[in-house]
Amino acid sequence: MPLVPQRPPEPVNLARSAWPAVPADALVLVPVGSTEQHGPHLPLNTDSLIARSVALSAAERLAADRPDRPVLLAPTIAYGASGEHAGFPGTVSIGHEALHAVLVETVRSLSLWAGRIAFVNGHGGNVLTLDAAVGRLRGEGHDVSWLSCEIPGGDAHAGRAETSVVLHLAPGDVRLAEAVAGDTRPLADLMPDLMARGVHALSPSGVLGDPTGATAEEGRTSFESMVSTAVRRITAGRTAPRGRLIGTGTASATPGRPEGTSAPPAPRTKAAHP
């Protein structure tokens, strides 16, 4: 009889599993995103889409590389700290305090049966809260870490970088005919105004960057880079003191610095959550 080729191990989709099928001591990847405006051309779930897609692809590779170690993909935490986008209909922000509580209680619950836990973050506004929550959880003895889906050199929000990635992942959700350029200043120049006044004051369209020239191929390259980086960092397990997964040679995390594919931490305005 001909041998039947063995399929590589697959990550378990936690949401679709029955409890007897859930392996003990697994590595659990938890995507963290947002529901917020991404200009007139990208969907509100952009950050959640990217976080889940990176986590899923990373889980598939990790499962194939280590068949002896089960990998689970948890449901996406789809609401984040998005107070900087409060001027736009459709944005749903739970703020930093509520997000902190969700992250902490998620890990405390997972730790009752899981092994290692890693948050995969798609929204820059979640960074400070992830750093604080994971730092607290590690102090409690939980094996938890986090990383962001980063596009080096990408524009701040809903520009060419994010538009390209969504064209790769969900082209039917991109309204290219509605795409417009917003405030195209470098993020370092935007930050003081952004932190003080929010996105709407800087860009009525909600775009910080310029989506012109975005392509699915560019998005595929950026997505592959994000997945490869996530796999390397999760495999190595090297962290900054408060649990952010870092690459070889990275001295420390800079949680106050915006990162990921979306806008930075929420500004301190009346519209923003504390």
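This talk describes a central sheet, two of its surrounding elements and one pocket in the structure shown above.

Good morning, colleagues. Please bear in mind throughout that this is a predicted model.

Let me begin with the sheet. Five strands make up an open sheet, and their order is β1-β3-β2-β4-β5, with parallel pairing. At the edges stand β1 (12-13) and β5 (144-148), each of which pairs on one side only.

I turn now to β2, residues 27-32. Strand β2 pairs with β4 (residues 117-121) in the parallel sense through five bridges. Within that pairing, L29 has A118 of β4 as its bridge partner. Strand β2 also runs parallel to β3, to which three bridges join it. There, L27 stands opposite V71 in β3.

How much of β2 is buried? Six of the six residues are, so the strand is largely enclosed by the rest of the structure. As a general point, side chains in a regular strand alternate between the two faces of the sheet. In β2, L27, L29 and P31 point one way, whereas V28, V30 and V32 point the other way, and all are buried.

Next, the helices. Helix α1 lies across β1, β2, β3 (71-73) and β4, and runs at about 165° to β2. Helix α4, residues 160-169, is largely enclosed by the rest of the structure, because seven of its ten residues are buried. The buried residues of α4 are A161, E162, T163, S164, V165, V166 and L167. Their cover includes α1 and α7.

One loop residue deserves a mention. N126 is placed in the loop between β4 and α3 (127-139). Is N126 buried or exposed? N126 is buried, at a relative accessible area of 0%. Beyond its neighbours within four places in sequence, N126 is in contact with V32, G33, G80, A81, L99 and N121. Of these contacts, V32 has already appeared among the buried residues of β2.

Finally, the second largest pocket. This pocket holds about 170 Å³ of space. Which residues line the second largest pocket? The lining consists of L27, L62, D65, R66, R69, V71, R116, I234 and T235. Two elements, α1 (46-65) and α7 (216-236), each give two or more residues to this lining. By character, the lining residues divide into four nonpolar, one polar and four charged. L27 and V71, which line this pocket, are also the residues that stand opposite each other in β2 and β3.

Thank you for your attention.

Note on methods. Residues numbered from 1 in each chain as written. Predicted model: local features only at pLDDT ≥ 70, side-chain atom pairs only at ≥ 80, totals over all residues. Heavy atoms only, no water. 1 Å grid on protein atoms, 1.4 Å probe; cavity = no way out; pocket = protein on both sides within 12 Å on 5 of 7 lines; lining within 4 Å. Points joined across faces, edges and corners; volume = space filled by probe spheres on them. Helix = DSSP H or I, 4+ residues; strand = E, 2+ residues; numbered from the N terminus. Nonpolar A, V, L, I, M, F, W, Y, C, P; charged D, E, K, R; others polar. Pairing = 2+ DSSP bridges. Contact = heavy atoms within 4.5 Å. Axes fitted to C-alpha atoms, helices over the stretch in contact; angles between N-to-C directions. Buried < 20%, exposed > 50% of the residue type's maximum accessible area, 1.4 Å probe, protein only.
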